[in-house]
Amino acid sequence: MTKEIQDATNNSLLNRRSYLKGAGAAAALIGLGGAAAASDEDDYDVIEVSSGETWTYNMDNGETLENLLIDITASGASWEIRMHGDDMTLRNIGIRGNVDSPQKMNHISVGGSSGSSNCVIENIYYEGYTLSGFNNAVGTGGTATPIFVSPNHSGDLLVRNVNLQSCPDNLIYASAPGNGSEHPAPGGGGTVRVEDSYLFRTGAGCVRVGTEGSYAENCILDGDHSNTAAPNSRPFWGYYEHTEIRNCDVMNGSPGAVVAGASAWDKGRRAEVTVEDSYFEDTGTHASGAQIHGSSADREPRTEPSEIEGVPLSAEEAASGSSGSSPSQSPSPSSPENGDDDEDDSSIEDVWEDNESNHVELRGGTPDQIAEYEILGSGDAEAGENADTNPDDPYRDVVTTDGDDFLVEGFLGGHVDDFYITGSITDVETTADLTATVNGHEFDVQELEGVGSWDGDDDAETSDLPHAIVIDGAEAAGTTDYSLSVSEEIVQSEYSGATIDDGDKVEGTTASGTVDDGIDAYRFCGEITDFWLAGEADVTLEYDADN
């Protein structure tokens, strides 16, 4: 986890980053509306944007800007990165928090590129507006645009492994380079390629492109139209010229999932979209001459960001350059020839290892509908690297233990949590449908309930602590107090029907407690060096007790 250092004067830490070009860049990072600091793991830097401020960074030709967590949780905080020039790379940028202003802003703007330029935007996480903020901003005439490509883009822009969500405006607004001569801002004709990405909820377009050679490939484009107040939502919008969709899952749009054309411009009235190897629900056009070629693939669509390899599932994951997404695979057509052969028909009992640590990944929820879960079991459990264990986070994930019992509890908002569990799971409670991936195999989370077994540490206890002492007060009159010490090691035990009680304790090599009408027992190794008892309980000492 990261530790944000809020002292804006501690800018010497920033000099280790590749995007810094001396004192001028450090001043740019700190001086324009934010405080900069390095994370304690030194894998990304944190920019904390003050209330009402906008953090702005202007990139230079050939520059790489990377590994930033931009915190906009303060009221009215925002950010802008300007890629105006040639051969720039922007990567590993995570945005923590939601936009709360309806004002027009372009968070990442690309423009001024020559025909030979190659720019890259990759591994970006941005949640946009909350659902209520989205609906409040609809109709204001602007709002935030995560990625805007200016008309004067003439080179190539590759956008990949981005997770962009929830804006009434376009998520990737990249049609302007295709503007015709009739347009007041004619376009430079540059291409925009969107690959391996997840785009969710828009009141305009998830991907809006307009030049030959521009496309979306291996993406999930979900307009989420039915859940918003927006009158339109175009998951893919081929605005001008001939654009393409390849191996994508496109859904929840209006006037369609795949839309072509723009009636306001001559080029828009002749727009074409070709769809290949993609699932889409329906189509629509905004001009009578616009055309859409291709039919929907017969398959179950992918709907979760975790189903696209390399898509970041949190702001921290993006900033650090890691990815919790599962390997991307094109869904198989649901035909008799190959629909069943590729399915994983393993049961959860087949993949669960009773005596080994099992890797359990949990997915579900959305940023607007947080899912809560509790998993109770016997054995051992510990948080994985994707679990949020930050003690200052009210939505942190927690593992607690009580003897051999454990409780795993946490929250999901469209990302992934993971844990390592040995033993059995006895109860699962969730507030929403979740997916559990166990050792690489996917199941409904409720299938975890009842899986596995746990016999405690009996085998180890028997071999390492061979001797037993039992204090039996079941038939005794009154209470018996006791204390004993051994030369090597002693632990509480359930041997011979005993119970482990909170009032009894072991401190070092000494055990002490009280029995009333029950039984206490201990396993130990070495010799008994001291023993004291007050009461009428029976005491049984067994050396090599299991032989």
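**Exercise 1. Identify the residue in β21 that is the bridge partner of Ile245, and place the pair in its strands.**

Solution. In this predicted model, Ile245 has Val275 of β21 as its bridge partner. The strands concerned are β18 (residues 242-246) and β21 (residues 272-276), which run parallel and are joined by 5 bridges. Next, consider β24 (residues 291-293): 3 bridges join this strand to β21, again in a parallel arrangement. Within that pairing, Glu272 is matched with Gln291 of β24. Strand β21 is therefore paired with both β18 and β24, given that pairing requires at least two bridges, and the counts are 5 with β18 and 3 with β24.

**Exercise 2. Determine which parts of the chain are linked by the salt bridge between Arg299 and Asp249, and state whether Arg299 is buried or exposed.**

Solution. Begin with the distance: the closest N and O atoms of Arg299 and Asp249 are 3.2 Å apart. The pair links distant parts of the chain, with Arg299 in the loop between β24 and α3 (315-320) and Asp249 in strand β19 (residues 249-251), 50 residues apart. For burial, the cut-off is under 20% relative accessible area. Arg299, at 8%, is therefore buried, and Asp249, at 0%, is buried too.

A further salt bridge of Asp249 is formed with Arg302, at 2.6 Å from N to O. Because Asp249 lies in strand β19 and Arg302 in the loop between β24 and α3, this pair ties together parts that are 53 residues apart in sequence. Arg302 is buried, as is Asp249.

**Exercise 3. Describe the salt bridge between Glu80 and Arg82, and classify the exposure of Arg82.**

Solution. The closest N and O atoms of Glu80 and Arg82 are 3.0 Å apart. Arg82 has a relative accessible area of 29%, so this residue is partly exposed. The structure holds 19 salt bridges; Glu66, Arg91, Glu122 and Arg160 are linked in a network of such bridges.

**Exercise 4. Establish where confidence is lowest and where it is highest in the protein chain.**

Solution. Start from the chain as a whole: the mean pLDDT is 84, and 86% of the residues score at least 70. Among the elements, helix α1 (residues 23-31) has the lowest mean, 38, whereas strand β16 (residues 220-222) has the highest, 98. Two stretches stay under 50: residues 1-32, with 72 contacts beyond four places in sequence, and residues 326-343, with 29 such contacts. Where pLDDT is low, predicted coordinates should not be read in detail.

Note on methods. Residues numbered from 1 in each chain as written. Predicted model: local features only at pLDDT ≥ 70, side-chain atom pairs only at ≥ 80, totals over all residues. Heavy atoms only, no water. pLDDT = per-residue confidence, 0-100. Helix = DSSP H or I, 4+ residues; strand = E, 2+ residues; numbered from the N terminus. Contact = heavy atoms within 4.5 Å. Salt bridge = Lys/Arg side-chain N within 4 Å of Asp/Glu carboxyl O. Buried < 20%, exposed > 50% of the residue type's maximum accessible area, 1.4 Å probe, protein only.
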